[in-house]
Amino acid sequence: MAQRLRANPEAPPLVQLNFAGREVTIKLVYYGPALSGKTTNLRSLHQLTSDESRGRLMTLETRDDRTLFFDMLPLVFRAEGPVQKSGERSYTPSEASGGMSVRVKVFTVPGQVLHSATRRLVLQGADGVAFIADSQLSETENNAASFLDLRSNLKEMGMSLREMPLVIQFNKRDLPNVRPDAEVEQLAKRGREPVFKASALKGEGVLESFFGLLHLTWTRLEAEHQLSRSLGLEADEFLPVAARKLGIKRDVQSLLASCLGNGLNPPPREVK
Amino acid sequence: MQDARPPMPSLDLEGARVRLEELVDRVALGELCQSFYALFGIAVRIYSSDGALLADTSSEHDVCAYVNSIAAGRAACGATVSSVKLTEPDETGMSVHPCFTGNAYRIVAIEYEGRRIGRVILGPFLPVEVQEVPSSFLDLDPSIDPERAKSLLVRVPRAKPETISRIAKHLRSALDLILFSGHKTLLTSQMHLASVRESYRELEERGKKLQEAFDKLKELDRLKSNFLATVSHELRTPLTSIIGYSEMLSEGIAGPMSAEQTEFVNTIHEKGNQLLGLIQSLLDLSKLESGTMSVRRETLRVEDVLGEVMKTLIPAARKKNVQLKLDSNGTLPEIRGDAERLRQVFTNLGDNALKFTRDGGTVTLRARATGRSGDDDEDGFALLAPARSMIEVAVMDTGIGIPVAEREKVFDAFYQVDSSSTREFGGTGLGLSIVKRLVEAHDGTIRIDDNQPRGAVFVVTLPTARE
């Protein structure tokens, strides 16, 4: 049966591994203030990934287009190494084929302040968090408040921000009255977390943020559980395999290169 | 310290436990299979991942009935059906299993989010390429009539592999929609439940924290009142000696004093008394705040209280050459209250009025019965006001008056409209705050109006005794 691995017995469970079913489930959560574009990120991600690897985007309980519970996008692919140029198999698990099925489930939380309990429930067992901030200057306070909310919710669950793979996305770059690029870069340089600029509505920066988070999360899981061995991959092959399986045409290195600040260090090795 | 907080409700949002039999309604699934059967004539069976039959169109083709009427046929049919049931669809999600009769079954995996959670068995159907009854059927038993076998076999719906694939795909997508909706509904209801539980847990925790904070504040408040009472008491003891000895000195008990000495000693005596008054007020205030001051409830007449207040005030009024008037119109209804405390209220207000009224001015104590009370805005005023009868006591002076903006603040402890007035008129700033609390302890209200042409009016409204 599925088991949740944990680094220490006190800490909440992390990545879900099911060796019998030969699958790994990675849970990523998109957090952020109300109307910062978390659901829009998921919609864009849904559009940017291939039919074969993505499941239906599930939107649970919305009112006036505002998320009440969560949105969920399942991305499922088969990790099998080494990377082969031909003879790709479908992701369908089968005893005959090697490798493991990787399930990346991306969730959004409801941003509105009153849904704190729901946010905590969705955050449970997250392996990585993307914080979607609204770039508009008027939202500065809301971004900060939501981030503190994230911190306190993690704390409530016995986790600390430091332990959690985390990327920050400054969304809505296409709007006027946003924090200027130079300032975002300055902030990113000083901060600990990798920062991505995005315009989720236009699909810009969405893959960059997603792969940035997947990279951090994978690095963390690899360090703790040596997942690459279970998947039959080299550690630095995971991201390129994931990108290819998800039908991403762009090069992972170039996606990660758009990261501001030093949060992604050390960067993954280039894979030919 | 480890606090025993109830744990957060745990949820399986990752779908690790999605089971076909939990997501679909068996009856409705059966109906769906029936409608497929009605449309295509091909039997549909749906199994869960652990092999339980969830839906079945349960119909028997004539050729199957014929086979089953023969012992060897029955055995062969049973073997085929078991083998079909055990067949795992290949990586494409579909497999074909032949039947000895020439028919075939299609086994289709039901997948959800990349996991196999069950399978569909379509068939039997007759592949288009089968034209003759195969020997595997005819050789089964010598009693089999080839002509009959053929006539029955061709009644089985004939289908091309592509057609079966299309039907399978259609059934799969219908199932997928059902599974997605079912999963969504499952998650929604789980979230509803978990959110309610989590919110409740949060509220409970906050309630506990608030209660703790409240208890702590109550304790602090009690300590503060205790402290105030103790300190006031401890201050009064030496003060009594100071007042007593200065009084004895000024009376010449310890021998004659010069005029200057007498003046000094009188000042000590007077200031000692003032300090005693202040300490007494502090003590009253702390008692009122801690709720330990008892307000007795006896039936009394306000006029009697005001009469006594007049007696107390007359010497001071004479000294200041201020005219003191009592205006009580007819017989007023009785009220229930503490005569001693009410005397304190009106003496204080009278003192205050005298203090701010200059030579030649007037201070009037006026008592009236009035029906009107409360706020006009009050719900059901038209019904409640008439049922209430009140007594209004106004203490009017012709002094400097109180600006509108200051009228609420003067009731705060230690507040003075103008700090310079303390020097001119004296006083501690405690009197009015005590007055207000005493009035409120009588379920009354106090407000300040203008006096015409000048001065202030303190209006105390007290409820009359209820029958």
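The following conversation concerns helix H3 of chain A and the confidence of chain B in a predicted model.

Visitor: Which overall scores does the model have?
Guide: The predicted model has an ipTM of 0.75 and a pTM of 0.66.

Visitor: How does the span of helix H3 of chain A compare with what its residues should give?
Guide: Helix H3 of chain A comprises 17 residues, 140–156, and at 1.5 Å a residue these should span 24 Å. The end C-alpha atoms are 24 Å apart, so the two values agree.

Visitor: And which residues of H3(A) are buried?
Guide: The buried residues are Asn143(A), Ser146(A), Leu150(A), Asn153(A) and Leu154(A). They lie on the same side of H3(A), because their arc around the axis is only 100°.

Visitor: What do they pack against?
Guide: The buried residues of H3(A) pack against three elements of chain A: strand S3 (23–31), helix H2 (116–123) and strand S7 (128–134).

Visitor: Which residues are exposed on the other side?
Guide: On that side of H3(A), Glu141(A), Ala144(A), Leu148(A), Ser152(A) and Lys155(A) are exposed.

Visitor: What phi does Gly158(A) take, just after H3(A)?
Guide: Gly158(A) has a positive phi of about 80°.

Visitor: Turning to chain B, what is its mean pLDDT?
Guide: The mean is 85, and 89% of the residues of chain B reach 70 or more.

Visitor: Which of its elements have the lowest and the highest mean pLDDT?
Guide: Helix H12 (residues 419–425) of chain B has the lowest, 49, while strand S1 (residues 44–48) of chain B has the highest, 93.

Visitor: Where does pLDDT stay under 50 in chain B?
Guide: That occurs over residues 422–426 of chain B, for which the model has five contacts beyond four places in sequence. Predicted coordinates should not be read in detail where pLDDT is low.

Definitions and conventions:
Residues numbered from 1 in each chain as written. Chains lettered and ligands numbered in written order. Predicted model: local features only at pLDDT ≥ 70, side-chain atom pairs only at ≥ 80, totals over all residues. Helix = DSSP H or I, 4+ residues; strand = E, 2+ residues; numbered from the N terminus. Expected span 1.5 Å × (residues − 1). Buried ≥ 20, exposed ≤ 12 C-beta atoms within 10 Å, placed from the backbone. Arc of directions from axis to C-beta. Contact = placed C-beta atoms within 7 Å. pLDDT = per-residue confidence, 0-100.
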